[in-house]
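Reader: I would like to learn how to read a fold from its model. Where should we begin?

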Amino acid sequence: MKKIQILFFFIALSFSVVFANSKLHLEVKGMHCGGCEMKFKSVAAKIAGVTEVTSISAETGKAEIVKKKQIISDEKLVAALAAQTGFSVSA
């Protein structure tokens with residue numbers, strides 16, 4: 001019975017590592033209105049690995065995105081957002 005418990009523990013642990021989410025705080029330059037915020041959020045939501053845009057502000061030029069670590073790297077996400085939105089995006 002103890003071996004089964006240990007096996008389930010390692011299975012659960014591997015799932016938590018594979019499906020772990022991380023928050024990415026971004027600086028976004030070039031947004032000036034609510035339409036820009038909507039554009040950024042819409043583009044981000046379509047990128048594989050992005051699970052949520054938790055905040056976006058044209059006023060402060062900041063965004064926070066929740067993403068799956070194993071699906072897309074921070075660097076690739078930043079590059080994709082910059083290319084697809086036309087804004088200057090950095091982490």
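**Reading helices, core and buried polar residues**

Author: Begin where a helix stops. Helix 3 is followed by Gly86, whose phi is positive, near 85°. Bear in mind that this is a predicted model.

Reader: Let me step back to the overall layout. How many helices and strands are in the chain?

Author: The chain has 3 helices and 4 strands. Their order along the sequence is α-β-α-β-β-α-β.

Reader: What share of the 91 residues counts as buried?

Author: Buried residues make up 34% of the 91. Turn to the surface next. About 6,000 Å² is exposed by the chain, and 62% of that comes from carbon and sulfur atoms.

Reader: How do I read contacts against sequence distance?

Author: Take contacts between residues at least 6 apart in sequence. In this chain, 61% of them join residues at least 24 apart. One pair to look at is Thr85 and Ala44. They are 41 residues apart along the chain, yet their C-alpha atoms are separated by 8.9 Å.

Reader: Now a helix. What span should the 12 residues of helix 3 have?

Author: Work from the rise of 1.5 Å a residue. Helix 3, residues 74-85, should then span 16 Å, and its end C-alpha atoms are 16 Å apart, which agrees.

Reader: Which residues of helix 3 are buried?

Author: They are Leu77, Val78, Ala80, Leu81 and Thr85. Look down the axis of helix 3: these buried residues fall within an arc of 165°, so they line one face of the helix. The face turned away from them carries exposed Glu75, Lys76 and Ala83.

Reader: What do the buried residues of helix 3 pack against?

Author: Their partners are strand 1 (21-29), helix 2 (34-45), strand 2 (50-57), strand 3 (62-68) and strand 4 (88-90).

Reader: Let us apply the same reading to helix 2. Which of its residues are buried?

Author: Length comes before burial. Helix 2 has 12 residues and reaches 16 Å from first C-alpha to last, close to the 16 Å expected at 1.5 Å a residue. The buried residues of helix 2 are Cys36, Phe40, Val43 and Ala44. Seen down the axis of helix 2, they fall within an arc of 100°, so they line one face. Exposed Met38 and Ala45 sit on the face turned away from that buried side. The cover over the buried residues of helix 2 includes strand 1, strand 2, strand 3, helix 3 and strand 4.

Reader: What is the general idea behind a nonpolar core?

Author: In soluble globular proteins, nonpolar side chains tend to be buried together. Here the largest nonpolar core has 22 residues.

Reader: Which residues touch the most other members of that core?

Author: Leu26, Phe40, Ile65 and Leu81 do. Strand 1, helix 2, strand 2, strand 3 and helix 3 each give two or more residues to this core. Take Ile65. Beyond its neighbours within four places in sequence, the contacts of Ile65 include Leu24, Leu26, Phe40, Ala44, Val53, Leu77 and Leu81.

Reader: Polar residues can be buried too. Is Thr85 buried or exposed?

Author: Thr85 counts as buried, because its relative accessibility is 3% and the cut-off is under 20%. Thr85 lies in helix 3. Check its polar partners next. The side chain of Thr85 reaches the backbone oxygen of Leu81 at 2.5 Å. A polar atom of the Thr85 side chain also lies 3.2 Å from the backbone nitrogen of Phe87. Leaving aside neighbours within four places in sequence, Thr85 is in contact with Lys39, Phe40 and Val43.

Reader: What about a lysine? Where does Lys67 lie?

Author: Lys67 lies in strand 3. Lys67 is buried, with a relative accessible area of 2%. Follow the side chain. A polar atom of the Lys67 side chain lies 2.7 Å from the backbone oxygen of Ile72. Not counting residues up to four places away in sequence, Lys67 touches residues including Ala20, Asn21, Ser22, Gly49, Val50, Asp74 and Leu77.

Methods. Residues are numbered from 1 along each chain as its sequence is written. This is a predicted model: local features need pLDDT of at least 70, side-chain atom pairs count only at pLDDT 80 or more; totals for chains, interfaces and linings use all residues. Side-chain values use heavy atoms; hydrogens and water are left out. Buried means under 20% relative accessible area, exposed over 50%, partly exposed in between (1.4 Å probe, protein chains only). Contact means heavy atoms within 4.5 Å. Accessible areas come from the Shrake-Rupley method with a 1.4 Å probe; for residues, only the protein chains shown count as cover. The expected span of a helix is 1.5 Å times one less than its number of residues. The arc is that of the directions from the helix axis to the C-beta atoms. A polar contact is a pair of N or O atoms within 3.5 Å; within protein, one must be able to donate a hydrogen and the other to accept it, and residues adjacent in sequence count only if both atoms are side-chain atoms. A nonpolar core is a set of buried Ala, Val, Leu, Ile, Met, Phe, Trp, Tyr and Cys residues joined through side-chain atoms within 4.5 Å.
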